[in-house]
Amino acid sequence: MCGIVGAVGLNNPTEYVQKGLKMLDYRGYDSAGLAYFDNGIKIIKDVGSVEHLMSIVPSNIISNLMIGHTRWATHGAPDIRNTHPHISFNKHICLVHNGVIENYKEIKDFLFEEGYRFYGETDSEVVANLLEYYYLQNKSITESVKKVMSMIVGSYAIVGFTDDNKESLFVFKNASPLVIGIGDGFNLVASDASPLVKYTNRFIELDDFDQAIIEHHDINVFDKDGNRVKRKIITKDIELISHDLKGYPHYMLKEIEEIVPIIHRITSTYYQDNKFLFDKQLIKDLNESDHIIFVACGTSYHASLVGGRYFENYGKSASRFIASEWAFHPTFPGQKPFVILISQSGETADLIHCLDTIKKHNLNNLIITNTGGSTLDRNCRYSLLLHAGIEVSVASTKAYVAQVTLLALLAASLQNDASVIDDLKHCVTVVEDIQKNYKPMIQKVASELKDKTNIFYLGRSYDYFLSLEASLKLKEISYIHSEAIPGGELKHGPIALIEEGLPVIVFITDPSTAPSMRGNIEEVKSRGAKVYVISTAELAQQGDTIIVKDYAPYLSSVAISTIAFYLAYYVSLAKGLNVDKPRNLAKSVTVE
Ligand code: AGP
């Protein structure tokens with residue numbers, strides 16, 4: 001995880017580095033630091049947020065070269081010793097790193113034998129020293145980087161500089177994101193393009209095992225064999241990567257309220273003039289496969305539960321796996337399986353691990369992601385983009401709705417079933433209605449829940465999948481323990497936990513499961529639970545808490561997840577917590 005930035009040739013790199021780190025702190029915010037060149041290597045770093053770093057950085061730094069880092073701790077506690085940038089033992093190399101070096105211990109032992117000593121516990125400091133070890137021998141940074149890349153195993157995007165060259169940055173990467181921004185008389189790097197767009201609309205995305213030497217007017221890229229190579233210059237849609245809060249107090253709220261245009265955008269991207277627009281070969285491959293394997297994590301996994309059911313509805317057998325489970329114990333149901341990976345960020349390490357297995361077994365595959373140019377986007381056979389715009393809040397909201405919407409379209413396209421289009425259009429009116437009219441109601445429920453320590457969500461079928469997501473959202477940003485339980489499972493154990501006053505939030509939106517859910521409500525009420533029912537008009541009963549317009553039940557994750565998102569948001573807000581950056585979490589989980 002972690003966000004990294006670098007600048008060379010820019011007049012005021014401090015502003016770029018600080019603002020850039022702020023934009024990247026969704027990737028981690030345990031500690032932050034920067035380094036620059038002023039008669040040698042200078043470092044300013046501390047535990048705490050990027051805002052804190054900004055408060056301790058002087059405004060008068062004169063340097064055309066600077067690197068910065070915001071950290072999500074993996075190796076070593078979030079203390080000052082482990083805060084980036086790291087400087088090598090003899091103070092010749094300074095660098096920042098995003099990723100994990102798996103074999104850092106053996107390299108550390110080797111360097112220790114060679115007389116190196118370490119001030120912290122990070123794998124990153126070990127890389128700085130290994131680089132210095134070779135740099136002192138061969139005086140060539142590109143040769144040293146090449147040697148280091150041949151030795152280190154793991155994921156890394158590294159940006160750094162040496163103490164004898166204030167004109168250039170070195171960067172190298174494998175399986176962690178890094179984008180170069182091409183400026184006029186300056187060049188920039190960052191973990192994603194968002195910090196760069198204020199300065200340029202021309203980018204280079206490095207391939208794995210590439211390294212680059214970046215100077216004021218020049219960028220030289222080398223492949224892993226050290227050959228100079230040209231990588232494509234690309235442009236990006238600035239609106240989709242903008243971090244502008246647009247007047248909202250939090251990204252989460254802004255992102256929830258972007259759901260309607262996103263549903264429209266996805267629908268019009270993948271369906272036009274009465275035709276689905278998916279790659280014909282992709283649809284053929286999906287149709288010819290005899291089993292769909294979904295792998296994903298967290299919210300994306302919850303989307304895969306819904307998506308798996310969609311594919312089953314069109315006659316495909318499907319399995320859904322949590323990526324970190326499947327990665328270590330992969331199973332391959334069917335004779336001709338097709339793997340669908342789902343990831344908002346496209347950088348989730350557990351999924352990248354799955355992709356290794358997928359490639360090893362030569363399985364056909366598709367990534368559904370929000371992040372064009374991400375590791376998974378570039379390395380999967382097929383890729384479908386969500387076009388949801390950058391999601392900054394750690395708690396995923398709009399991306400979830402986008403994933404489910406896209407999965408509904410993709411599954412329907414297998415049999416060219418356009419009914420999904422009308423169903424989605426109708427969902428949009430439900431979401432609009434919720435956004436316009438239901439917030440006060442949801443806020444009232446939030447105020448009743450904010451001091452609770454346990455909350456249950458109940459649902460069946462699609463409403464159970466939605467409950468899982470609702471529960472994850474609540475626990476992520478309110479720190480309230482919460483569980484989602486399929487209605488039918490209640491009596492097989494969890495009902496033992498029901499006690500006087502325990503809040504139970506129940507979704508009833510599906511006629512086929514509504515009677516059983518009403519039975520569940522009686523079971524928990526009679527044991528003292530305080531029940532909040534969210535139902536559709538057709539299925540509503542007196543006393544239900546929130547009643548929404550009817551819609552096609554298979555789309556509950558599109559139509560009414562907005563209620564669950566608002567609820568989590570308002571509970572977090574009522575508790576005075578950091579909505580967008582909940583403790584211990586990061587937006588891109590680039591470590592396993
Ligand atoms: C969502 O609210 C979470 N922050 C988290 O579960 C997330 O969905 C998960 O880490 C997967 O991320 P990805 O979609 O970027 O792969």
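Where is Pro 85 found? Select the loop between strand 4 (65-71) and strand 5 (86-87), and Pro 85 is there. Strands here are DSSP runs of E with at least two residues, helices are runs of H or I with at least four, and both are numbered from the N terminus. While you have the loop on screen, display the peptide bond from His 84 to Pro 85: this bond is cis, with omega near 0°.

A quick note before moving on: the model is predicted, so local features need pLDDT of at least 70 and side-chain atom pairs count only at pLDDT 80 or more, while totals for chains, interfaces and linings use all residues. Residues are numbered from 1 along each chain as its sequence is written, and side-chain values use heavy atoms, with hydrogens and water left out.

Next, go to the loop between strand 15 (233-234) and helix 6 (251-256), where Lys 246 lies. Lys 246 is not a glycine, yet its phi is positive, at about 50°.

Now select the ligand and the 15 residues around it, counting a residue as near if one of its heavy atoms lies within 4 Å. Ser 300, Ser 343, Ser 345, Thr 348 and Glu 476 come nearest. By class, this shell has 5 nonpolar, 8 polar and 2 charged residues. In that scheme Ala, Val, Leu, Ile, Met, Phe, Trp, Tyr, Cys and Pro are nonpolar, Asp, Glu, Lys and Arg are charged, and the others, Gly among them, are polar.

Try some distance labels here. An oxygen atom of the ligand sits 2.7 Å from a backbone N or O atom of Gln 344. For Ser 345, label the side chain: one of its N or O atoms is 2.6 Å from an oxygen atom of the ligand. At Val 394, a polar backbone atom is 2.9 Å from a nitrogen atom of the ligand. Taken alone the ligand exposes 410 Å², and the protein buries 91% of that (Shrake-Rupley areas with a 1.4 Å probe). Colour helix 9 (298-313) and helix 16 (462-478) as well, the elements that give two or more residues to the shell.

Last, show helix 14 (residues 419-437) and helix 15 (residues 439-449), which pack at an angle of about 65° with their axes 5 Å apart. The axes are lines fitted to C-alpha atoms over the stretch in contact, and angles run from 0 to 180 degrees between N-to-C directions. The two helices are therefore roughly perpendicular, a label for angles of 65 to 115 degrees. For the contact (heavy atoms within 4.5 Å), pick Ile 434, Gln 435 and Asn 437 of helix 14 with Lys 439, Pro 440, Met 441 and Ile 442 of helix 15.

Technical notes. A polar contact is a pair of N or O atoms within 3.5 Å; within protein, one must be able to donate a hydrogen and the other to accept it, and residues adjacent in sequence count only if both atoms are side-chain atoms. Angles under 35 degrees count as roughly parallel, over 145 as roughly antiparallel, 65 to 115 as roughly perpendicular and the rest as oblique.
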